[in-house]
Amino acid sequence: MLDKTAVLKEAQKHLAKGAIDKAISELEKLVAEGPDGNTFNTIGDLYLKKGVQKTATDYYRKAANFFWHEGFTQKAQALYKKVLNLNPTDTDALYAFGELSEEKGLVTDAIKYYLATADLLSKEGKKDRILSIYEKILSLSPANIPLRIKVAEIFMREGLKSDAAREYLHVARIHEETGDFAKSKEFFQKAIDLNPRNMEAVLGLIHLHEKTGDTEHAAARMKDATVLFPDDPEILLRCAELSIRIDDPAGAQQCLNRIIEKDPNNVSARRMLGDIYLRGGATENAWQQYLPVLDAVLTDENYENAISLLEPFKPLDPVETGKRLISLFRQLEEKDRLCDELVALGDYYASRDREEEARSCYEETLQLNPDHRVARLRLTPPQPEPEPEEAPPAHEGGPLDIEITALFLSTEETAEAPESEIPSEPEETPAVSGFEEK
């Protein structure tokens with residue numbers, strides 16, 4: 001291990017004799033064994049004394065880095081300042097000054113040094129470093145509109161159109177948040193002019209047209225967007241929504257059919273298309289759109305809305321609607337409506353000779369409500385009506401029959417004759433005077 005004191009004394013002897021190279025050689029022994037900011041600085045001064053500016057700058061930079069990492073920021077700044085005095089265009093020193101200023105919370109100074117660094121790098125053609133520096137600048141002042149516009153212009157000058165468009169987009173968003181919609185539209189359009197396929201800018205401008213009540217313009221822009229992004233389902237869906245709002249159901253149907261062609265299970269597209277058909281009175285077409293995604297649609301709805309959605313389709317498809325209504329009423333724990341729906345489904349099954357399924361519906365109804373009159377009647381077998389008594393067989397008339405009939409009629413007439421017409425028994429004959437019975 002070197003004796004630091006001895007080495008420094010030896011270096012001093014060489015300097016006293018004007019032997020700068022020998023002094024430097026002794027000091028370099030020390031920093032080779034262990035870095036030291038003061039020694040780096042001294043070596044830098046000696047190289048500068050010799051007139052070797054570049055090497056002097058390298059050692060000043062080493063000294064500055066050492067002091068910075070040790071927490072001595074003021075010493076670090078002083079050394080970077082020595083570097084800049086020797087070479088005002090040293091980008092590493094300028095950038096370091098920016099970082100040191102940022103650490104101290106001196107945002108304005110930091111931005112100044114970062115911008116100076118980026119400007120020099122731009123002249124040197126080092127675009128990769130420029131991007132990261134500008135990102136750092138904008139992170140320090142995200143809502144600084146003039147700064148963002150300046151950065152966008154620099155990007156334009158460097159041929160970085162996509163990056164410039166991104167900055168214009170940020171400016172548009174800032175203006176929108178502050179309520180300056182005219183300025184916001186202007187910068188959204190600037191971003192689109194630089195990059196027509198910037199989806200965020202396209203949708204942002206469309207949203208702004210909606211927000212300001214210009215739905216017609218928004219819908220027209222969205223139709224253009226479907227050409228730029230023909231396979232994007234979200235773009236097509238938004239186009240359909242806007243078409244409906246401007247009373248263009250045919251345009252909406254075209255967009256929705258394009259989505260369904262690529263994704264038959266797209267719930268949003270089928271639901272919207274079903275709604276269009278339903279409003280137009282095409283119930284069967286609406287049901288064809290709802291049915292493949294019906295369970296997903298019902299899951300997204302609240303229960304009462306789901307019931308309202310199903311009701312119009314009961315005549316069209318009693319089984320599918322009935323099953324789902326039964327499920328919804330179960331979840332709602334609405335026993336009366338559940339029983340009525342079970343009986344209605346049972347009646348439909350019965351009308352199609354599906355007796356087992358019908359019986360199952362009626363029995364479940366009675367389990368829920370043993371007093372349900374209709375379900376009980378459906379399950380009670382009908383009692384056969386009593387057969388009418390047969391009349392005695394009629395006989396063909398003959399002599400005997402005639403006599404019996406006559407006798408029967410005679411007897412009946414006698415029985416039915418009034419008392420005055422029936423001869424009474426003869427009264428006793430009164431005795432005659434002068435004659436007595438002997």
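Colour the chain by pLDDT to begin: this is a predicted model, with a mean pLDDT of 85 over the chain and 86% of residues at 70 or more.

Next, select the two elements that mark the extremes of confidence. Helix α14, residues 233–245, has the highest mean pLDDT among the elements of the chain, at 96. Helix α24, residues 399–416, has the lowest, at 45.

From helix α24, extend the selection to residues 404–438. Throughout this segment pLDDT stays under 50, and the model has one contact for it beyond four places in sequence. Where pLDDT is low, predicted coordinates should not be read in detail, so the tour moves elsewhere.

Switch to a cartoon of the whole chain. The secondary structure comprises 24 helices and zero strands. Of the 438 residues, 37% are buried. Among contacts between residues at least 6 apart in sequence, 41% join residues at least 24 apart. A surface representation shows an accessible area of about 26900 Å², 51% of which belongs to carbon and sulfur atoms.

Now select helix α17, residues 283–290, and display its side chains. Which residues of this helix are buried? They are A286, W287, Q289 and Y290. These four lie on the same side of α17, because they cover an arc of only 160 degrees around the axis.

Finally, add the elements that cover this buried side. Among them are α15 (249–262) and α16 (267–279), which precede α17 in the numbering. The cover also includes α18 (294–300), α19 (303–310) and α20 (318–332).

Key: Residues are numbered from 1 along each chain as its sequence is written. This is a predicted model: local features need pLDDT of at least 70, side-chain atom pairs count only at pLDDT 80 or more; totals for chains, interfaces and linings use all residues. Side-chain values use heavy atoms; hydrogens and water are left out. Buried means under 20% relative accessible area, exposed over 50%, partly exposed in between (1.4 Å probe, protein chains only). Helices (H or I, at least four residues) and strands (E, at least two) are DSSP runs, numbered from the N terminus. The arc is that of the directions from the helix axis to the C-beta atoms. Contact means heavy atoms within 4.5 Å. pLDDT is the predictor's confidence in each residue, from 0 to 100. Accessible areas come from the Shrake-Rupley method with a 1.4 Å probe; for residues, only the protein chains shown count as cover.
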